[in-house]
Amino acid sequence: MFMRFLVVAAIFALAACSDENSSKGGSGEKTIVIKFPHVTAPATPKGQGADLLKKLVDERLGGRVRIDVFPAGQLMSDDDSLEALAFGEVQMIAISLSKFDRLTKQFQVFDLPFLFDDIEAVERFQNGPSGQKLLTTLEDKGFTGLGFWHNGMKQFGGPHPFHKPSDAARLKFRIQESDVLQAQIMALGASPQKMSFGEVYQALQTGAIDAQENTWSNIYSQKFFEVQDGLTESNHGYLGYFLAINTGFWNELPADIRVELSGIIKEVTDAVNLNASKINDEARQTLVTTEGKVITVLTPEEIAAWRQTMRPVWDQFEDEIGVEMIATAVAANVAHAE
Ligand code: LMR
């Protein structure tokens, strides 16, 4: 079904740089409008990145290009944004890599539990040849990759702290739209439920789900902590974004604008990735000092038990992701590997 719509979308995408997308600038030249919806709060790594992008475009391409940012899911969900980008209804997205599962199995590598030791390892992998190649994976489906933006490492939230994997057993976990994440939660003997980001708070509040995994900045800004007593620092997986633009729209931009935009996007990507950890650290700090939350930090021995429980997920997805890709990612845990 989704594939059929992509074929139609590819045709529409060619017409994406249309009059409908443009408005008159002061000089009489049409202003090219880039609609950029996203689901997180403005004070998150992605929210700040989107706002910085808008600011720099206003400063350097003002009148010729404008970025309209729609944060916090106010325009649409991530699911709808994927379709809207393919159809050229919006021009830019920064959606969690986990949510591209139905479009490509290539990004699944990012969801493997305990694959990357930290954000620096992810960065080395993304900046290496294998990571850079992933940016072109969805080109034929109308998504031109412009960069990877970090959020951070994921933590667990539940009705109680999780010291050992069995503490999570039988709980209902909200997960993003990813089969790897589904397998990861099943490995814990728990029950995964794919659900959109905007629905999580209420689902926790009403008891429709018991637990979730996310970064500190998302746990804080979405106020998940208000409806969860147990916060556990596990750093068990990565949450980051594929920054993409509609391919037809991108290719039809005047060359000088494309060059200027590419430079701005590179600058913003560097800034997002430099600041993401700091934003997550601050959110964590605020949870403790201002909100009075207790965060359970797992000991190395406890982490080892979680690793062991979730490790079979790698084997389950090895064929789809590719042994070499996984090996390259693992090697990125050692500095200067790629
Ligand atoms: C989620 O659904 O948990 C994340 O993809 C939200 C986000 O964009 O960080």
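**Close-up views of the ligand site**

**View 1. The shell around the ligand by class.** In this predicted model, the shell around the ligand comprises 4 nonpolar, 5 polar and 3 charged residues, where Ala, Val, Leu, Ile, Met, Phe, Trp, Tyr, Cys and Pro count as nonpolar, Asp, Glu, Lys and Arg as charged, and the others, Gly among them, as polar. Among the residues around the ligand, that is, with a heavy atom within 4 Å of it, are Val39, Thr40, Arg174, Phe197 and Tyr241. Residues are numbered from 1 along each chain as its sequence is written, and side-chain values use heavy atoms, with hydrogens and water left out. Side-chain atom pairs count only at pLDDT 80 or more, and local features need pLDDT of at least 70, pLDDT being the predictor's confidence in each residue, from 0 to 100.

**View 2. Polar side-chain atoms beside ligand oxygen atoms.** An oxygen atom of the ligand lies 2.6 Å from a polar side-chain atom of lysine 46, while for lysine 99 the corresponding distance to a ligand oxygen atom is 2.7 Å. In the side chain of asparagine 214, an N or O atom is 2.8 Å from an oxygen atom of the ligand.

Notes: A polar contact is a pair of N or O atoms within 3.5 Å; within protein, one must be able to donate a hydrogen and the other to accept it, and residues adjacent in sequence count only if both atoms are side-chain atoms.
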